Every structure is written in C-alpha cells, then in structure tokens.
Amino acid sequence: MIKDLFDQNLILESDRLLLRPIKESDTDDIFEIFSDKEVMKYYDLLPFLTKDDAINQIEVFRKCLSEKTMLRWGIELKETGKLIGTCGFFAFSEESLKAEMGYELNSSYWNKGIMSETLKMIMNFIFRETDINRIEAYVEPMNTASLKLLENLGFTKEGLLRQYELCRGQLIDITIWGFLRSDLE
Ligand SMILES: CC(C)(COP(=O)(O)OP(=O)(O)OC[C@H]1O[C@@H](n2cnc3c(N)ncnc32)[C@H](O)[C@@H]1OP(=O)(O)O)[C@@H](O)C(=O)NCCC(=O)NCCS
C-alpha cells in the first residue's frame, strides 16, 4: 500500500539537507516562504498576510499527516537549522498506484539545485518503501523553473489541460507531467 509510507521513519538526509515533519516552531520560516509573492505566483493560494495564516497551514500539514491524506516534509538547511521549503505527496490512489507531488522553496535559495536534490530523495523513498507506480505533477505553462526541474528529474510532459481550473479569478491551462516506476531504469 502507498499509505504504508506514513508508518516509515520520515527523516531523510543528505549532506546539506534534513527532510522532516513540519512543526509549530517552523511558523516564522513557513510565513517567510508563503508570504513571498514570487513563491506564490503560480499557486492557487493567495500569499499569506499574517502569522496566523502560517499557523493554520502548519495545522493543515499536521492534520493531513495524521489522517494519512498528505505527506509534506519540511526542508531544513542543516548548516543553519532554517526551514527553507516544503515538499511531498498527496492525492494518493491505491487502486491506480499513483500520487501527486508538490513543492516550494524560499526564493533566497533558488537555483542552487536544492529542490532537485530534495525531490530525488523523496522519489527514491516512495518508490523504495511502497508499490507506487506513478508520480504526477501539475504545473502552469509559465512556471519555467518548475518545468525545468521536472524535465531534469526525468518526468515526461504528457499534455496540456486546457482551461483546467479556476485560479486567481481566471480559468488557467495546466501542463501534466508523469514519472513511472519504469522510468527509474
Ligand atoms: C520550482 C522551484 C521549487 C525550483 O527550486 P530550485 O531549488 O531553485 O530548483 P533547482 O535549482 O533544483 O533546479 C531548477 C532548474 O530550473 C532552472 N531555472 C530556474 N529558473 C528558471 C527560469 N526562470 N527559466 C528557465 N529555467 C529556470 C534552473 O537553471 C535549474 O535547471 P538546471 O539545473 O538545468 O540549470 C522554485 O523555483 C520555487 O519554489 N518556485 C515557486 C513555487 C512553485 O512554483 N512550486 C511548484 C508548483 S508546480
């Protein structure tokens, strides 16, 4: 089962990064990330205005973790202990053996290969610990950094979903990307 994931040790590490569950004490760092208009440019959430928005978001992450509906890691920079991003999986389908992947990084840390390194870690983890077959990502066509990131990771662009969803008051197109277990080979 994909959801066996939640019963594993969720701490993942590389030389510079620690991936771990998000805590209440991350409020200031979460606020810094989610209040940044550049980070939120292609999100269906408006940039956070108050610390309470960050507290509520952390509560959502924690509730989803306990209900096993979304697994979101905090990305901590080991050198400073600062939480610089989040990433994870949601929209699990046990029948079709698939899940969706999401991520965002504090803009002061963009273009250092941090998210590539992070996503490789969580993808290796989910393919190793579960029988998942497919990871999906939905990205706006103008979100060039995210498109490049997925392409570099070996995702295939599978199509354009025209006027797929209402976002920021407009119906927007979305590109859909997929990575299969067989793509690991
Ligand atoms: C998408 C995001 C997570 C990338 O994080 P990152 O750590 O900077 O990514 P990496 O450094 O690992 O890789 C980014 C790649 O995109 C490229 N890139 C970055 N900005 C780019 C741009 N404006 N145009 C084209 N390519 C771009 C980088 O050069 C790099 O490719 P390379 O290694 O071949 O040079 C970050 O930009 C972000 O948080 N964006 C806002 C939130 C978001 O949009 N999340 C995704 C929603 S679908």
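In which sense do strands β4 and β5 pair, and over how many bridges? In this predicted model, strand β4, covering residues 82-93, pairs with β5 in the antiparallel sense, and seven bridges link the two. One position to look for along this pairing is G88, which has G102 of β5 standing opposite. The turn of the β4 and β5 hairpin is also easy to find: four residues lie between the strands, and L97 adopts a positive phi near 55°.

Strand β5 has a second partner. Strand β6, made up of residues 134-139, runs parallel to β5, and three bridges join the two strands. Among the residues involved, A99 has I135 in β6 as its bridge partner. To get from β5 to β6, the chain passes through helix α3, residues 114-129, and the resulting β-α-β crossover is right-handed.

How many of the eight residues of strand β5 are buried? Seven of the eight, within residues 98-105, are buried, so strand β5 is largely enclosed by the rest of the structure. As background, side chains in a regular strand alternate between the two faces of the sheet.

A further place to visit is helix α1, residues 27-34, where D29 is located. Is D29 buried or exposed? Its relative accessible area is 15%, which is under the 20% cut-off, so D29 counts as buried. Apart from neighbours within four places in sequence, D29 is in contact with K82 and L83. Both K82 and L83 fall within the range of strand β4, residues 82-93, so these contacts of D29 lead back to the strand with which this tour began.

Technical notes: Residues are numbered from 1 along each chain as its sequence is written. This is a predicted model: local features need pLDDT of at least 70, side-chain atom pairs count only at pLDDT 80 or more; totals for chains, interfaces and linings use all residues. Side-chain values use heavy atoms; hydrogens and water are left out. Buried means under 20% relative accessible area, exposed over 50%, partly exposed in between (1.4 Å probe, protein chains only). Two strands pair if DSSP finds at least two bridges between them. A crossover is right-handed if, with the strands pointing away from the viewer, the path from the first strand over the helix to the second runs clockwise. Contact means heavy atoms within 4.5 Å.
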